[in-house]
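Colleague: Got a minute to walk me through this one? I'd like the overall picture, then a few residues.

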Amino acid sequence: MTHAPLSLPRTAPVRPDVTRLLQQYGVYLAVAVLLLFNALFTEHFLTVANLRTQLVQVAPVVIVALGMALVIGTEGVDLSVGSTMALAGSLLPLYLGYGLVPALLVALLAGVLVGLVNGSLVSLVGLQPIVATLALFVGGRGLALVIADGRLKQIENTDLLGLGTDDVLGVPVVVLIAGVLALAVAFLVQRTTFGRQLVAVGGNRAAAALAGLPVRRVLIGVYVLCGVLAALAGVLATARLTASDPSALGNLMELSAITAVVVGGTPLTGGSIRVLGTVTGALLMQLLHATLVSHNLHDSTAQMAQAAIILVAVYVARERRSR
């Protein structure tokens, strides 16, 4: 009696979905690698003073990026955030004589007005977001220069300066504000009706309209939130720099914010918002820049490295969508 040789059933080889893993965790892995590299090879990196400096510098970027993430979640973009920062900063010296609170309210009101204009152009007029916000990208900074008479103005109000330099229990105020805002935006997106409407509008605007969602109101609200966050970032950056500089404040901030959002995993096609990824993306950009500068590489090299990371992030996102 002969027996046929036994053969085990073949199973397909298990291949890790590298693209999916990079999409989900790539930004966190990159931050961990940079932290480890700096801990081993960068002198004085793990000092309290240096870590404090890195967090204070990235805080305004985080605040602006949170607003940008909301806008991108609706399949939009806001190119005017840097100009809004400059506009808010230029208004502060004019109203600090009335007290800190009135000056802050005026600066934040400027962000509200910028958001209303952008949101109205997108939702009511029907312009593409990149075109609608381009007008205030140029005009907002021009208005800031007119308000400040084209000059840098020193800030002497100690209450305002405290927002940029003081600590609470050892944590810089500006970092605390950025952290609280990140939690608030995460709550807004995940736990509120407005957040769910926002994601639905970004996922499919026509379907959202057919379902009876207030698409125009949601879009205007998103751009107003983005404008207010940008104005607040302008206030905090002015307080940290102890001066209002309408020509430099917020320069290229729109690119930094978009980079943080995209690298953090929020798709440019809308319908999804990753708040923690956005914060981590901003930290990644800050760490990358600090690492390269600490090792005597020119600032332009850091910009090229950032561009490479953006390309990788966009490519990974594209690969996932195509599946």
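What follows is a chat about the whole chain, its pocket and some single residues.

Colleague: First off, what kind of model is this?

Modeller: This is a predicted model.

Colleague: Okay. How many helices and strands are in the chain?

Modeller: The chain has 13 helices and 4 strands.

Colleague: And what box do the C-alpha atoms fill?

Modeller: Along the principal axes, the C-alpha atoms take up a box of roughly 105 × 60 × 35 Å.

Colleague: What share of the residues is buried?

Modeller: 46% of the 323 residues count as buried. As for the accessible surface, the chain has about 16700 Å² of it, and carbon and sulfur atoms own 66% of that.

Colleague: What about contacts between residues 24 or more positions apart?

Modeller: Such pairs make up 77% of the contacts in the chain, counting those with a separation of 6 or more.

Colleague: And the charges, how far apart are their mean positions?

Modeller: There are 18 positive and 13 negative charges, and their mean positions sit 17 Å apart.

Colleague: Let's switch to pockets. How much space lies in the largest pocket?

Modeller: About 930 Å³. Its lining has 31 residues, and V61, N251, M253, S256 and Q286 are the ones nearest the centre of the pocket.

Colleague: Which helices each supply at least two residues of that lining?

Modeller: α2 (48-73), α10 (215-241), α11 (253-263), α12 (275-294) and α13 (299-321).

Colleague: And which one gives the largest share?

Modeller: That's α12, with 7 residues of the lining.

Colleague: Since α13 is on that list, tell me about I309. Where does I309 lie?

Modeller: I309 is in helix α13. Its contacts, leaving out residues up to four places away in sequence, are V263, L284, M285 and L288.

Colleague: Buried or exposed, and why?

Modeller: Somewhere in the middle: I309 has a relative accessible area of 24%, so it counts as partly exposed. Buried would need a value under 20%.

Colleague: How far is I309 from L276 in space?

Modeller: Their C-alpha atoms are separated by 18 Å, with the two positions 33 residues apart along the chain as the separation.

Colleague: Next up, L198. Which helix is L198 in?

Modeller: L198 belongs to helix α8, residues 193-203. With a relative accessible area of 0%, L198 is buried.

Colleague: What does L198 touch?

Modeller: Setting aside residues up to four places away in sequence, L198 touches L70, G73, T74, V218, V222 and I273. There's also a long-range pairing to look at: V71 is 127 residues away from L198 in sequence, yet the C-alpha to C-alpha distance is 8.9 Å.

Colleague: What's the story with N118?

Modeller: N118 is in helix α4, which covers residues 100-125. N118 counts as buried because its relative accessibility is 0%, and the cut-off for buried is under 20%.

Colleague: Which residues is N118 in contact with?

Modeller: Skipping neighbours within four places in sequence, N118 is in contact with D78, S80, A132, T133, L136 and Y223.

Colleague: α4 holds P102 too. Buried or exposed there?

Modeller: P102 is partly exposed, at 34% relative accessibility. For a distance, take R205: it is 103 residues from P102 along the chain, and their C-alpha atoms are 38 Å apart.

Colleague: And T84, where is its place?

Modeller: T84 is in helix α3, residues 81-95. Its relative accessible area is 3%, so T84 is buried. Not counting residues up to four places away in sequence, T84 touches G111, V114, G227, A230 and A231.

Colleague: Last topic, backbone angles. Which phi does T242 have?

Modeller: T242 has a positive phi of about 60°, although it is not a glycine. T242 is in the loop between α10 and β4 (243-244), and it is partly exposed at 28% relative accessibility.

Colleague: What about L252?

Modeller: L252 is not a glycine either, and its phi is positive at about 65°. L252 is in the loop between β4 and α11. With a relative accessible area of 47%, L252 counts as partly exposed, because exposed means over 50%.

Colleague: Great, thanks.

Key: Residues are numbered from 1 along each chain as its sequence is written. This is a predicted model: local features need pLDDT of at least 70, side-chain atom pairs count only at pLDDT 80 or more; totals for chains, interfaces and linings use all residues. Side-chain values use heavy atoms; hydrogens and water are left out. Buried means under 20% relative accessible area, exposed over 50%, partly exposed in between (1.4 Å probe, protein chains only). Contact means heavy atoms within 4.5 Å. Accessible areas come from the Shrake-Rupley method with a 1.4 Å probe; for residues, only the protein chains shown count as cover. Lys and Arg count as positive and Asp and Glu as negative; His and the chain ends are not counted. The place of a charge is taken as NZ of Lys, CZ of Arg, CG of Asp or CD of Glu. On a 1 Å grid over the protein atoms alone, a cavity is a set of points where a 1.4 Å probe fits but cannot get out, and a pocket is an open set with protein on both sides within 12 Å along at least five of seven lines; lining residues have an atom within 4 Å of a point. Grid points are joined across faces, edges and corners, and a volume is the space filled by probe spheres set on the points.
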